[in-house]
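This briefing covers overall shape, charge pairs and backbone details. Please keep the sequence and the structure in view while reading.

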Protein chains: 2
Amino acid sequence: MSDSTIYEVARLAGVSIATVSRALRGTGPVSAATREKVRRAVEELRFTPSRLGVSLAEGRHAANGIVFPDLSGPYFGEVLLGYEEVAADLGRSVLILSTRDRAGVPETVKDLATRVDGLVVFGQTLPDALLTELADSGLPMVMLARDAHPGTEAVRSENAGAAEALTVHLIAHGHRTFALAGGHDEGDVSQRWTAVARTLGHHGITAPRPVECPYTVDGGYEAGLGLLKSGPDVVVCADDQVALGVILAAEELGLRVPDDVAVTGWDDIMAARHSRPALTTVRQPLRELGAAAARLLDELIAGAEPSDTTRVLATDLVIRSSCGAHQVHPPEEP
Amino acid sequence: MSDSTIYEVARLAGVSIATVSRALRGTGPVSAATREKVRRAVEELRFTPSRLGVSLAEGRHAANGIVFPDLSGPYFGEVLLGYEEVAADLGRSVLILSTRDRAGVPETVKDLATRVDGLVVFGQTLPDALLTELADSGLPMVMLARDAHPGTEAVRSENAGAAEALTVHLIAHGHRTFALAGGHDEGDVSQRWTAVARTLGHHGITAPRPVECPYTVDGGYEAGLGLLKSGPDVVVCADDQVALGVILAAEELGLRVPDDVAVTGWDDIMAARHSRPALTTVRQPLRELGAAAARLLDELIAGAEPSDTTRVLATDLVIRSSCGAHQVHPPEEP
DNA sequence: TTGTACGCGTTATCAT
DNA sequence: ATGATAACGCGTACAA
């Protein structure tokens with residue numbers, strides 16, 4: 001509260017503020033005796049340097065921000081976890097901003113931008129014009145789960161290859177009629193749908209339009225109720241939560257998964273392993289995503305020039321039982 | 001980046017910095033003509049007031065922090081969501097700190113404390129001595145999911161009453177042999193176990209010792225494998241994730257839920273509704289918890305004296321199917 | 001209505 | 001080894 005200042009410490013220790021600063025930061029020569037006097041004064045006064053003062057003098061916040069759409073569901077939490085951990089290791093605090101269905105996001109983001117040395121932004125949370133404005137202002141920025149915006153760096157995980165592998169696998173299972181659940185934005189998901197459609201095309205199958213829905217179990221359930229009426233062989237879902245919802249919808253309709261309809265997810269959240277049937281999905285390194293973003297941002301803050309480059313983290317196709325019998329066509333050999 | 005300062009704006013507009021400040025904040029009389037000149041200069045220079053300068057002058061950060069143990073699982077994410085939303089509404093940024101199994105937490109928390117006007121701390125994340133030190137320093141603090149620490153305010157949700165109601169319900173179902181899964185700390189969970197034990201005692205049943213385990217599905221699974229071997233009628237779990245794990249363990253052991261063994265959770269996370277069998281649990285208003293903490297903290301920051309008081313939010317017993325047949329003894333009438 | 005000048009709490013440069 | 005002092009960027013009494 002009524003924190004003491006470096007001046008009070010200096011007076012009590014009988015030295016100048018410069019000496020106090022040096023003694024505390026070890027940034028210059030200080031005699032042992034003086035150091036001890038300062039130490040005692042600091043202790044007595046419970047002195048803690050004001051962050052504002054330090055930052056103003058240092059010209060940096062030692063903090064960085066992250067903007068994400070939401071925090072319900074495991075996805076963003078896991079990524080945030082990895083981000084915060086690395087940021088903390090690098091001695092930087094983390095400010096968060098959830099955009100949800102909130103009003104006044106641009107203003108809030110700009111405010112956030114004034115409080116940090118750099119910003120990580122999830123794909124699809126901010127309009128491109130705003131991204132440009134921020135990047136142009138010279139703020140170090142890293143995009144997450146989408147390709148780089150001009151003036152930024154980006155990290156995402158591999159989508160197209162995994163989507164193709166998944167699709168090929170499903171076709172090998174004998175599935176021919178596909179349904180796609182979980183709308184398409186311009187980030188990760190659209191890359192997946194594009195690759196799925198392309199792969200289906202190679203096999204003479206016309207890809208259906210993805211059915212948009214919130215990336216939640218409930219969203220998947222609602223979408224599933226509609227989708228399943230047309231009797232697809234398999235429902236490829238934008239993420240695991242949607243897939244879990246589709247499975248519930250299938251049950252509701254008296255369909256057995258995977259016997260009557262196969263279902264696949266994306267992300268490999270914990271529930272994917274535990275659901276029945278266990279979910280065939282694509283594993284994304286969620287924490288690593290956040291961690292990589294934190295490291296990239298740190299490099300930018302340290303002075304690296306933004307390369308408009310997208311770093312792509314590897315994903316793994318995880319075959320479980322929700323996609324159908326494995327005996328038809330075994331997955332490709334190593 | 002190379003942001004312009006209020007001095008440059010003042011020079012370009014041909015006025016003093018005081019006028020610029022007044023014009024921008026509407027904090028004093030400014031002629032329309034001057035205001036327009038300032039507006040133009042601001043626009044041309046893309047001027048944005050430095051947060052550091054503003055905070056230093058205003059003597060406040062307009063930001064508050066929150067300390068939680070983890071972010072995996074739905075619990076903390078939901079609470080954080082409610083917290084951040086209200087904080088943003090109040091014009092305050094949010095800094096997060098996850099303690100996980102991290103080293104150097106006390107130092108990091110103290111650093112965090114220098115960057116905020118107030119702090120919300122989840123129960124069991126920080127040692128009491130540190131809480132005392134922070135509170136004594138005059139930092140406004142709100143405890144979450146535990147009772148108030150001296151010098152703070154607290155919000156938690158009701159535990160004992162719900163635990164009693166749950167226990168009574170289970171006894172009415174004919175369950176006599178209880179098992180408790182999910183270790184006891186000194187926050188929410190211990191209050192629940194205490195109430196369960198007391199209620200069981202009233203019915204002549206000796207409460208077992210809770211089996212400690214991480215609050216995760218995997219933790220519940222592991223604990224369940226051990227617990228279930230003694231053949232309890234019901235496993236009361238510390239939270240829904242643990243309960244989901246116990247159900248998996250039961251399956252693994254060839255036990256049917258709830259026919260062979262009943263299982264209950266706590267929190268009413270989304271997966272509780274969707275699991276099979278659907279989870280009997282206690283609904284906690286997670287977002288409200290975070291929102292209430294944000295509001296309380298705001299009052300403290302505004303000058304309210306900490307009352308060492310704990311605000312208790314209502315919970316609801318949610319009867320689904322995992323606790324056993326309802327026909328044996330119907331739940332108490334309204 | 002507008003401007004001057006001081007305070008906010010540091011760090012760091014330059015003397016000494 | 002130590003001290004005086006200039007930044008850093010802003011808000012705001014106080015004066016005009």
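Helices and strands here are DSSP runs numbered from the N terminus, with at least four residues (H or I) for a helix and at least two (E) for a strand. The model is predicted. Chain A has 13 helices and eleven strands. In the loop between strand 8 and helix 12 of chain A sits A:Asp268, a residue taken up again below.

**Overall form of chain A**

- The radius of gyration of chain A is 26 Å, whereas a compact globule of 334 residues would have one near 20 Å.
- Along the principal axes, the C-alpha atoms of chain A fill a box of roughly 85 × 45 × 40 Å.
- Of the 334 residues in chain A, 53% are buried.
- Taking contacts in chain A between residues at least 6 apart in sequence, 69% join residues at least 24 apart.
- About 14400 Å² of chain A is exposed, and carbon and sulfur atoms supply 52% of that area.
- Chain A carries 30 positive and 45 negative charges, and the mean positions of the two sets are 8 Å apart.

**Salt bridges within helix 3 of chain A**

- Over all chains, the whole structure has 44 salt bridges.
- One of them joins A:Glu36 and A:Arg40, with the closest N and O atoms 3.2 Å apart.
- Both residues belong to helix 3 (residues 32–45) of chain A, where A:Glu36 and A:Arg40 are four residues apart, about one turn of the helix.
- A:Glu36 is partly exposed, at a relative accessible area of 27%, while A:Arg40 counts as exposed at 52%.
- The pair is part of a network of salt bridges that links A:Glu36, A:Arg39, A:Arg40 and A:Glu43.

**Salt bridges between separate elements**

- In chain A, A:Arg92 forms a salt bridge with A:Asp117, and the closest N and O atoms are 2.7 Å apart.
- A:Arg92 lies in the loop between helix 5 (74–89) and strand 2 (93–98), and A:Asp117 in the loop between helix 6 (105–113) and strand 3 (118–122), so this salt bridge ties together parts of chain A that are 25 residues apart in sequence.
- Both partners are buried: A:Arg92 has a relative accessible area of 6%, and A:Asp117 has one of 12%.
- In chain B, B:Lys110 forms a salt bridge with B:Glu133, the closest N and O atoms being 3.3 Å apart.
- B:Lys110 is in helix 6 (residues 105–113) and B:Glu133 in helix 7 (residues 128–136) of chain B, so the pair ties together parts that are 23 residues apart in sequence.
- B:Lys110 is partly exposed at 35% relative accessible area, and B:Glu133 is partly exposed at 41% relative accessibility.

**A buried arginine without a salt bridge**

- A:Arg51 is in helix 4 (residues 51–58) of chain A.
- A:Arg51 is buried but has no salt bridge, and the nearest side chain of opposite charge, A:Glu58, is 4.1 Å away.
- A salt bridge requires a side-chain nitrogen of Lys or Arg within 4 Å of a carboxyl oxygen of Asp or Glu, so the 4.1 Å to A:Glu58 does not qualify for A:Arg51.
- Leaving aside neighbours within four places in sequence, A:Arg51 is in contact with residues of chain A, including A:Glu58, A:Arg60 and A:His61, and with B:Asp111, B:Thr114 and B:Arg115 of chain B.

**Cis peptide bonds**

- The peptide bond from A:Val257 to A:Pro258 is cis, with omega near 10°.
- A:Pro258 lies in the loop between helix 11 (240–252) and strand 8 (262–264) of chain A.
- In chain B, the bond from B:Val257 to B:Pro258 is also cis, with omega near 5°.
- B:Pro258 is placed in the loop between helix 11 (240–252) and strand 8 (262–264) of chain B.

**Positive phi angles in chain A**

- A:Asp267 is not a glycine, yet its phi is positive, at about 120°.
- This residue, A:Asp267, lies in the loop between strand 8 and helix 12 (270–274) of chain A, and A:Asp267 is buried at 5% relative accessibility.
- A:Asp268, likewise not a glycine, has a positive phi of about 60°.
- At 11% relative accessibility, A:Asp268 counts as buried.

Technical notes: Residues numbered from 1 in each chain as written. Chains lettered and ligands numbered in written order. Predicted model: local features only at pLDDT ≥ 70, side-chain atom pairs only at ≥ 80, totals over all residues. Heavy atoms only, no water. Rg over C-alpha atoms; globule rule 2.2 N^0.38 Å. Buried < 20%, exposed > 50% of the residue type's maximum accessible area, 1.4 Å probe, protein only. Contact = heavy atoms within 4.5 Å. Areas by Shrake-Rupley, 256 points an atom, 1.4 Å probe, with all protein chains shown as cover. Lys, Arg positive; Asp, Glu negative; His and termini not counted. Charge placed at Lys NZ, Arg CZ, Asp CG, Glu CD.
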